[in-house]
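Dear colleague,

I am handing over the structure below, and after it I set out what was found in one strand and around one ligand. Please read the notes with the coordinates open beside them.

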Amino acid sequence: MRFHREPIEVSEAQKKILSFIEDKKIETVKLLDSEGRRLAREITATSPVPHFDKSPYDGFAVRAADTSGATAQEPVYLTVVGTIACGDAPDFAVAKGQAARIMTGAALPEGADAVIMFEMTTENEAHAEKRVGVKKEMSPGENVIKYGEEAKEGDFLIPAGKKIGPGEMAILATFGYAEVPVFHRPRVGVLATGSELLTPDQPLSYGKIRNSNSYMVISQVKQAGGEPILYPSLEDNPDAAEKTIRTILGEVDILITTGGVSVGDFDVMVEVFKRLEVELLFNKIAMRPGSVTSCARFGNKMMFGLSGNPGACFVGFELFVRPYLQAVQGKSNPLLPQMQAYIGKDMPKPSSFTRFVRGKWKMEDGKPVAYPVGLDKSAAVTNITDANCLIQIQPAGRGIGGGDAVLLHLLPYGAGE
Ligand code: AMP
Ligand code: MG
């Protein structure tokens, strides 16, 4: 007996998947290892920034009141009583008529309330004492980076769920987060099925093909923040497949299989789902390619059965697996970002299901225009490299014409790196 196959809409399938993100695991990693991870809690300022008044320039720390009336023609001369380098805690004060040489980022000495840039001063060799001529009248607070000016202690800085990149690393280091709470990277088993599959190092033989899906999916998993684990591909043999998959499910958080979900005589995953008595979320989606994309729960493990056709496998991952992987790592909008665009050419192929065509969009005359990439066949593998979006085409008897509006789902690839 086969599973009954009732197609559901893409959005409904996504909703079902995203209803299973209760088990978000948190771990603490060293700051250096946190790059690319997602923050498990919001980050606040542990101290003010800066935590002392400091100089933004190389120059002289002065008392603004002392510079009254100073001009380039008639500088006001002040006695230089010390030098403050970056990192110094000045142990002297600037009294009336005095100044201190100060470097960029150094702490202001007691008594000083302004910094005059070095370029706005002149030296007077005629005096025995070290003196500086100030060529501009200063106001109190001028050129001083004030205590707490950038952040106050307790200020909100980064929301939970945000991916840690350059700006986040800088904040975490600034505020002393040597250890960072992040969401667990799910361990994702990647398992191709199909008796036709060869490994990339095997020579081609008639009727066989090399397994490309596993390597494509491993890249997709990594880019979605998961930790992929490659398993050797399976023959289309339900007994062996069931045994292997039971073992793998004990080792991973999520299992992605490719192939074997169609209605062919040897479609092994259909049989394995049945034998495992999984909780089936769906096994048919009203979309092309990949209408047979399936998803099930085995205990608390999510199983994604992607189509074997490389194009369909790619699309199935992006629409269903990526959002799940991102959601379990705390991303708040886990679906691919969307954008309205125009289609660049006629696509007359009729379809009763919504199509997700691998495409490339670019700006033309100030408008985003999307083109399908090469062969629009779910079995095509060589054009995935060109795709930077999925073009959503609503079901229509006649397809759509060039210039029609379409919705794009933007992929994080193909930006030309
Ligand atoms: P299936 O979904 O198992 O019916 O597979 C559909 C077609 O996709 C197969 O006939 C293969 O040509 C191709 N295919 C299946 N698995 C892979 C794979 N791992 N890598 C590349 N192509 C595959
Ligand atoms: Mg197969």
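Please bear in mind throughout that this is a predicted model.

I begin with the alignment between strands, where Val190 stands opposite Ile256 in β15. That position belongs to a parallel pairing, since strand β11 (residues 187-193) and β15 are joined over 5 bridges. Strand β19 (residues 301-306) also runs parallel to β15, again with 5 bridges between them, and here Thr258 of β15 stands opposite Leu306 in β19.

As for how β15 sits in the fold, 5 of the 5 residues of this strand (residues 254-258) are buried, so β15 is largely enclosed by the rest of the structure. In a regular strand the side chains alternate between the two faces of the sheet. In β15 both faces are covered, with Ile254, Ile256 and Thr258 buried on one side and Leu255 and Thr257 buried on the other.

Turning to ligand 1, the space that it takes is the largest pocket. It is surrounded by 16 residues, the closest being Asn211, Ser212, Asn213, Gly260 and Gly308. A polar side-chain atom of Asn211 lies 2.9 Å from a nitrogen atom of the ligand, while a backbone N or O atom of Ser212 lies 3.0 Å from a nitrogen atom of ligand 1, and a backbone N or O atom of Asn213 lies 3.3 Å from a nitrogen atom of ligand 1. Taken alone, ligand 1 exposes 480 Å², and the protein buries 77% of that.

With best regards

How values were computed: Residues numbered from 1 in each chain as written. Chains lettered and ligands numbered in written order. Predicted model: local features only at pLDDT ≥ 70, side-chain atom pairs only at ≥ 80, totals over all residues. Heavy atoms only, no water. Buried < 20%, exposed > 50% of the residue type's maximum accessible area, 1.4 Å probe, protein only. Helix = DSSP H or I, 4+ residues; strand = E, 2+ residues; numbered from the N terminus. Pairing = 2+ DSSP bridges. Near = heavy atom within 4 Å. Polar contact = N/O pair within 3.5 Å; in protein donor to acceptor, adjacent residues only side chain to side chain. Areas by Shrake-Rupley, 256 points an atom, 1.4 Å probe, with all protein chains shown as cover. 1 Å grid on protein atoms, 1.4 Å probe; cavity = no way out; pocket = protein on both sides within 12 Å on 5 of 7 lines; lining within 4 Å. Sits in = over half its atoms within 2 Å of the grid points.
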